[in-house]
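Welcome to a short tour of this structure. Have the view open beside you as you read, and take each part at your own pace.

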Amino acid sequence: MAAKFQPGDRVRVRVGSPPGHFRTPAYIQGKSGVIEALHGAFANPESLALGGDGRPSQFLYQVRFEQTHLWPRYPNSLQDKLLIDIYEHWLESA
Amino acid sequence: MQRRVHDRGGWPDAGPIDRVEHVYTMWERQTDAIRGVLGGKGLLRTDELRRAIESIEPCRYEQLRYYERWLVAIEALLIEKGLLTREEIDRKMEEWVTCRS
């Protein structure tokens, strides 16, 4: 299966709190960013955490966010970015 | 969204991070070793350990130190997987305490 997003695409992080384990912290949920890179496809950690086989595997992206977008009173440079790895099923087009 | 206890990014009262390195104690090394052995044998996955740590009741989570959370989580997973029973663990602990006193 092909990756849904390409570097440069604008995405929004889904909001959710599924039971078990997930790797999308609360502070990033609902925020918009830009795909910086595609790391490849990996076993889904949410499945592995519950004893599953990790399939279907999920594409993992490095996503770029403006720090000022994440933190209302961000005290440092307006140019600062956050780079964070997010799995595809947590992303939607923005 | 329901923010869980381990999900600390941006907590307003989180305070500064203690960056001081400390020497690992023997029990911390042993905890790491147990995890390594179980992982090597394919009995415990990193994501399972994370899930078990993140499932610790929030009040207790706050009271436990880093490797104590590992211990609690490893114990819960061993029982969940049927590798040990609660009774076996308790019996061994009792033997140990008796021997050492």
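Two residues are in contact if their C-beta atoms, placed from the backbone, lie within 7 Å. Helices (H or I, at least four residues) and strands (E, at least two) are DSSP runs, numbered from the N terminus. A residue is buried if 20 or more other C-beta atoms lie within 10 Å of its own, exposed if 12 or fewer, and partly exposed in between, with C-beta atoms placed from the backbone.

A word on the numbering: residues count from 1 along each chain as its sequence is written, while chains are lettered from A and ligands numbered from 1 in the order in which they are written. The model is predicted, so local features need pLDDT of at least 70 and side-chain atom pairs count only at pLDDT 80 or more, whereas totals for chains, interfaces and linings use all residues.

**Confidence**

The model has an ipTM of 0.89 and a pTM of 0.90. For chain B the mean pLDDT (the predictor's confidence in each residue, from 0 to 100) is 93, and 97% of the residues in chain B reach 70 or more.

**The two chains side by side**

| Chain | Helices and strands | Pattern along the sequence | C-alpha extent along principal axes |
|---|---|---|---|
| A | two helices, five strands | β-β-α-β-α-β-β | about 45 × 25 × 20 Å |
| B | five helices, zero strands | α-α-α-α-α | roughly 45 × 30 × 25 Å |

Chain A has 94 residues, 22% of them buried. Chain B has 101 residues, of which 11% count as buried. Among contacts with a separation of 6 or more, residues 24 or more positions apart account for 59% in chain A and for 54% in chain B.

**Inside chain A**

Which residues make up the largest nonpolar core? A nonpolar core is a set of buried Ala, Val, Leu, Ile, Met, Phe, Trp, Tyr and Cys residues joined through C-beta atoms within 7 Å. The largest one has 12 residues: A:Val11, A:Val13, A:Ile35, A:Leu60, A:Tyr61, A:Val63, A:Phe65, A:Ile84, A:Ile86, A:Tyr87, A:Trp90 and A:Leu91. Two or more of these residues come from each of β1 (10-13), β3 (58-66) and β4 (81-87) of chain A. The largest share, four residues, belongs to β3(A). In soluble globular proteins, nonpolar side chains tend to be buried together.

To look at one member of this core, pick A:Leu91. Apart from neighbours within four places in sequence, A:Leu91 is in contact with A:Phe5, A:Val11, A:Val13, A:Tyr61 and A:Ile86.

Strand β4 of chain A also holds A:Leu82. Is A:Leu82 buried or partly exposed? A:Leu82 is partly exposed, because 17 other C-beta atoms lie within 10 Å. Not counting residues up to four places away in sequence, A:Leu82 touches A:Phe65, A:Gln67 and A:Leu70.

Now move to A:Ser47, in helix α1 of chain A. With 18 other C-beta atoms within 10 Å, A:Ser47 is partly exposed. Leaving aside neighbours within four places in sequence, the contacts of A:Ser47 are A:Gly52, A:Asp53 and A:Gly54. A:His21 is 26 residues away from A:Ser47 along the chain, and their C-alpha atoms are separated by 8.5 Å.

**Inside chain B**

Helix α4 (residues 66-80) of chain B is a good place to check a length. Its 15 residues, at 1.5 Å a residue (times one less than the number of residues), should span 21 Å, and the end C-alpha atoms are 21 Å apart, which agrees. The buried residues of α4(B) are B:Arg69, B:Ala73, B:Leu77 and B:Leu78. Seen down the helix axis, they fall within an arc of 160° (taken from the directions from the axis to the C-beta atoms), so they line one face of α4(B). These buried residues pack against α2 (46-54) and α3 (58-63) of chain B. After α4(B) comes B:Gly82, with a positive phi near 75°.

In α2(B), the buried residues are B:Asp47, B:Glu48, B:Leu49, B:Arg51, B:Ala52 and B:Ile53. Their cover includes α1 (45-48) of chain A, together with α1 (26-40) and α4 of chain B.

**Where the chains meet**

The contact takes 14 residues from chain A and 12 residues from chain B. On the side of chain B that touches chain A there are one nonpolar, three polar and eight charged residues. Here Ala, Val, Leu, Ile, Met, Phe, Trp, Tyr, Cys and Pro count as nonpolar, Asp, Glu, Lys and Arg as charged, and the others, Gly among them, as polar.
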